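Q: I'm new to reading structures like this one. Could you walk me through a few features?

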Amino acid sequence: MKLLVAGSTGFLATELIRQAIAHPGVTSVIALGRREASLPAGADPAGKLKLLICKDFEAYSDDIKSEMATADACIWTIAITPGKLRSVTWEEACKISRDYAVAAIEAISQIRRDNPTSKFRFIYTSGHTATRDPSKKPLILRDYSVMRGEAETLILKCAQESNGIVEACVAKPGLIEDPKDPRFWTKTAKNYGRMLFGIPKVSVQEIAAALIDQTVNGIDKDTLENEDLVRIGAKALAAQASS
Ligand SMILES: NC(=O)c1ccc[n+]([C@@H]2O[C@H](COP(=O)([O-])OP(=O)(O)OC[C@H]3O[C@@H](n4cnc5c(N)ncnc54)[C@H](OP(=O)(O)O)[C@@H]3O)[C@@H](O)[C@H]2O)c1
């Protein structure tokens, strides 16, 4: 399977790329980002990885379109996370976190409609607080959660309207933690502070394993809550450890 990982330089994408390279069901990994991801030496012994830079996430170049035409799945991780919201305007946050992902699934649907091959699986990484019902704004991250919920609705609608050409899934993790990073909680507390209360957690290894499992073996359901990601990820990691 050929997998596209969008947002290749990010925290989650770095683990996705590492696991995808090692996964026997993934033959090729296209890492898409606004700048090149850096990998540790020897991280890609079989030469599965291709790094691609994208200059415009709303109008794709021909080289990216041709990768979309031949890929089997995409895991979309590009977004402004809550801890970085102050670094951009609200309009930029909406464009980067919602509009880019919607433009991507629309582009993929169009490309695959013109040249149907296998069914394309598209996973949008959203968040636990995101809501598709604007009247149910959560107590924290209120407008942000509605905006991410709008992205979820638009992505699932685009897949529904593709007549089976594209299948979409929304992953809704709580806090993604890295148990292997000793500075994780200090950095997280600094970025998220009191927002952390009551938010469920998933390890970055579990969510990466869960998302790759869904792209390789099929999507269980169109919305994966944090508990689903923990369950699917833990099972996939255990299977890898015993093989
Ligand atoms: N981390 C968590 O605890 C957590 C929890 C729940 C949900 N999530 C969701 O999981 C996904 C991944 O999160 P993450 O923690 O991996 O985020 P991250 O480390 O901040 O990575 C975000 C990615 O988006 C890219 N990006 C940001 N602004 C961009 C722009 N203007 N144009 C193109 N690319 C841009 C970044 O590129 P640069 O490196 O070039 O900036 C990076 O590759 C997001 O949807 C996030 O909301 C994360």
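A: Sure, and let's begin with a term we'll need: a crossing of two helices is right-handed if the near helix is turned clockwise from the far one by less than a right angle, and left-handed if anticlockwise. Keep in mind that this is a predicted model.

Q: Which way does H1 cross H6, right-handed or left-handed?
A: H1 passes H6 in a right-handed crossing.

Q: What else do I need to describe a pair of packed helices?
A: Two packed helices are described by the angle between their axes and the distance between the axes. Here, H1 and helix H6 (residues 204-217) pack at about 60 degrees, and their axes are 9 Å apart. Angles of 65 to 115 degrees count as roughly perpendicular, and H1 and H6 are therefore oblique to each other.

Q: And how do H2 and H3 pack?
A: Helix H2 (residues 62-70) meets H3 at an angle of about 70 degrees, with 9 Å between the axes. H2 and H3 are therefore roughly perpendicular to each other. Their crossing is right-handed.

Q: Let's turn to the ligand. Which residues come nearest to it?
A: For this, a residue counts if one of its heavy atoms lies within 4 Å of the ligand. There are 24 residues around the ligand, and Thr 9, Arg 34, Arg 35, Lys 84 and Thr 125 come nearest.

Q: What kinds of residues make up that shell?
A: The shell divides into 12 nonpolar, 8 polar and 4 charged residues.

Q: Which helices and strands each supply at least two residues of the shell?
A: Those are helix H1 (11-22), helix H3 (90-114), helix H4 (142-160) and strand S7 (175-177).

Q: Where do backbone atoms meet the ligand's oxygen atoms?
A: Look for a pair of N or O atoms within 3.5 Å. A backbone N or O atom of Phe 11 is 2.9 Å from an oxygen atom of the ligand. Leu 12 has a backbone N or O atom 2.9 Å from a ligand oxygen, and for Ile 176 such a backbone atom also lies 2.9 Å from an oxygen of the ligand. As for cover, the ligand on its own has 900 Å² of accessible area, and the protein covers 87% of that.

Q: Last one: what is there to notice about the backbone at Leu 141 and Asn 163?
A: Check the phi angle. Leu 141 isn't a glycine, yet its phi is positive, about 50 degrees. You'll find Leu 141 in the loop between strand S5 (120-125) and H4. Asn 163 is another residue other than glycine with a positive phi, near 55 degrees. Asn 163 sits in the loop between H4 and strand S6 (166-172).

Conventions
Residues numbered from 1 in each chain as written. Predicted model: local features only at pLDDT ≥ 70, side-chain atom pairs only at ≥ 80, totals over all residues. Heavy atoms only, no water. Polar contact = N/O pair within 3.5 Å; in protein donor to acceptor, adjacent residues only side chain to side chain. Areas by Shrake-Rupley, 256 points an atom, 1.4 Å probe, with all protein chains shown as cover. Helix = DSSP H or I, 4+ residues; strand = E, 2+ residues; numbered from the N terminus. Nonpolar A, V, L, I, M, F, W, Y, C, P; charged D, E, K, R; others polar. Axes fitted to C-alpha atoms, helices over the stretch in contact; angles between N-to-C directions. Parallel < 35°, antiparallel > 145°, perpendicular 65-115°, else oblique.
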